[in-house]
Amino acid sequence: MAQTDRSVQEDQTDAKARRAGGEFVRGVSGFRHAIGDDGFPAEPGRYHLFVALNCPWCHRVTLARSLLGLETSITMDVAFPNRTGDDDPEGPNLWEFAPHRIATLTGATLPECTLETATGRGMRLAKDVYRFEESEEQSLPVLYDKHQKRIVNNESAEIIAMLGHWADDLGGNSQRQPELFRDSPSLQPEIHRLNEQIYVTINNGAYKAGFSSDQVVYEAAFKAYFDTLDDLEHLLASDGRPFLTGDSFTEADLRLFPTLYRHDPVYYVRMKLNGARILDYPNLWRWLCRVYALPGVRDSGSLVHCRQGYFGRSWNRVVPLGPLQPMTYPEAYDHPELADIAKAL
Ligand SMILES: N[C@@H](CCC(=O)N[C@@H](CS)C(=O)NCC(=O)O)C(=O)O
């Protein structure tokens, strides 16, 4: 069996038994074509993304799209943050393109949500896009070819690498983030090491803590999550580097951001990761504010969608209002100095 790249996906060994034992085990994405392969040339205006803004894997992809200046040449549809309920004729837990739906958090529709605009069939569900290719899958993100009306790939780790590699051919501007996906040999080993640690203990680790129904699994995931936050805090503190591998923003930073962006306002409560706030890690907090200030990052995500999505269904649709101290989020991400205040307290 091929060796699992643990920076991309979860090891599936005994997955069935582990799930039965209460462990959350993430499945593997089935569509793994690549731009540049036969039939998928790198052309501006040809590709489309299906995403949900509460999904951290989708956030990787919207970040890469914005940071690489691909907002116009790669179109995008946004699903409603709460998936279908038990009353849906197609069943529960399905991503729906339904801009008319009302968010309980705001009492209004969400302006970012769209209908499905790429297949030419106005499909209601992401599952319908898969079903058109006789697939039972239903996850987001999806990279779609509007010319062939086909799914290219549904693995975020591979989608962001493709957007990085073909940014200029796709009509973007790779010079906006010169070190992003530039494969500089000197940085690659450290980027890969960080990607694997961050995927296993932070990106997927948060779900293992929040979605597992076994205390031992939860506690192991909780410990691994905060051990890695400690490691990263020390890494940044070691020489005051602005980004994880040094002076440049790289893929390792891009992969860490979606989880830390969700930690204080969502995961602290929803994933039971209440060991500390990111605000309690002065260097990680300043890193989070630094990345948030990069051109294209602020608009690549939405905490309204995150809060509505993560609390919408399993929490009786009642969305917690906090945190309010030291200030509301995401406004707090414009204030790197808050870390010093938090430390002084
Ligand atoms: N390995 C995939 C994971 C994608 C994923 O699990 N997405 C979630 C949303 S956060 C999803 O759509 N889950 C629904 C499902 O798989 O049924 C990636 O990174 O793209």
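Where does the largest pocket lie with respect to domain 1 (26-178) and domain 2 (188-293 + 315-344)? I began my notes with this question, keeping in mind that the structure is a predicted model.

**Entry 1, the largest pocket.** I looked up which parts of the chain line the largest pocket, and found that domain 1 and domain 2 both give residues to the lining, so the pocket lies between them. I noted about 980 Å³ of space in this pocket, and I counted 33 lining residues, with Phe-24, Arg-26, Trp-57, Arg-83 and Ser-139 lying nearest the centre. When I sorted the lining by residue class, I wrote down 15 nonpolar, 11 polar and 7 charged residues.

**Entry 2, helices in the lining.** I then asked which helices each supply at least two residues of this lining, and I listed helix H2 (56-67), helix H6 (205-211) and helix H10 (303-312). The largest share, 3 residues, comes from H2.

**Entry 3, the ligand.** I turned next to the ligand and found 14 residues surrounding it, the closest being Arg-26, Trp-95, Leu-140, Glu-155 and Ser-156. Arg-26 caught my attention, since I had already listed this residue among those nearest the centre of the largest pocket; here, a polar atom of the Arg-26 side chain lies 2.8 Å from an oxygen atom of the ligand. For Trp-95, I recorded 2.9 Å between an N or O atom of the side chain and an oxygen atom of the ligand. For Leu-140 the contact is made by the backbone, where a polar atom is 2.9 Å from a nitrogen atom of the ligand. I also checked how much of the ligand is covered, and noted that the protein covers 84% of the 510 Å² of accessible area that the ligand has on its own.

**Entry 4, backbone geometry.** Before reading the backbone angles, I reminded myself that most peptide bonds are trans and that most residues other than glycine have a negative phi. Against that background, I marked the peptide bond from Gly-322 to Pro-323 as cis, with omega near -10 degrees, and the bond from Tyr-329 to Pro-330 as cis too, with omega near 10 degrees. I placed Pro-323 in the loop between H10 and helix H11 (338-344), and Pro-330 also lies in the loop between H10 and H11. Lastly, I noted Asp-14, which has a positive phi of about 50 degrees although it is not a glycine, and which is found in the segment before helix H1 (15-20).

Terms used: Residues are numbered from 1 along each chain as its sequence is written. This is a predicted model: local features need pLDDT of at least 70, side-chain atom pairs count only at pLDDT 80 or more; totals for chains, interfaces and linings use all residues. Side-chain values use heavy atoms; hydrogens and water are left out. On a 1 Å grid over the protein atoms alone, a cavity is a set of points where a 1.4 Å probe fits but cannot get out, and a pocket is an open set with protein on both sides within 12 Å along at least five of seven lines; lining residues have an atom within 4 Å of a point. Grid points are joined across faces, edges and corners, and a volume is the space filled by probe spheres set on the points. Helices (H or I, at least four residues) and strands (E, at least two) are DSSP runs, numbered from the N terminus. Ala, Val, Leu, Ile, Met, Phe, Trp, Tyr, Cys and Pro count as nonpolar, Asp, Glu, Lys and Arg as charged, and the others, Gly among them, as polar. Domain bounds come from an automatic or database domain assignment. A residue is near a molecule or strand if one of its heavy atoms lies within 4 Å of it. A polar contact is a pair of N or O atoms within 3.5 Å; within protein, one must be able to donate a hydrogen and the other to accept it, and residues adjacent in sequence count only if both atoms are side-chain atoms. Accessible areas come from the Shrake-Rupley method with a 1.4 Å probe; for residues, only the protein chains shown count as cover.
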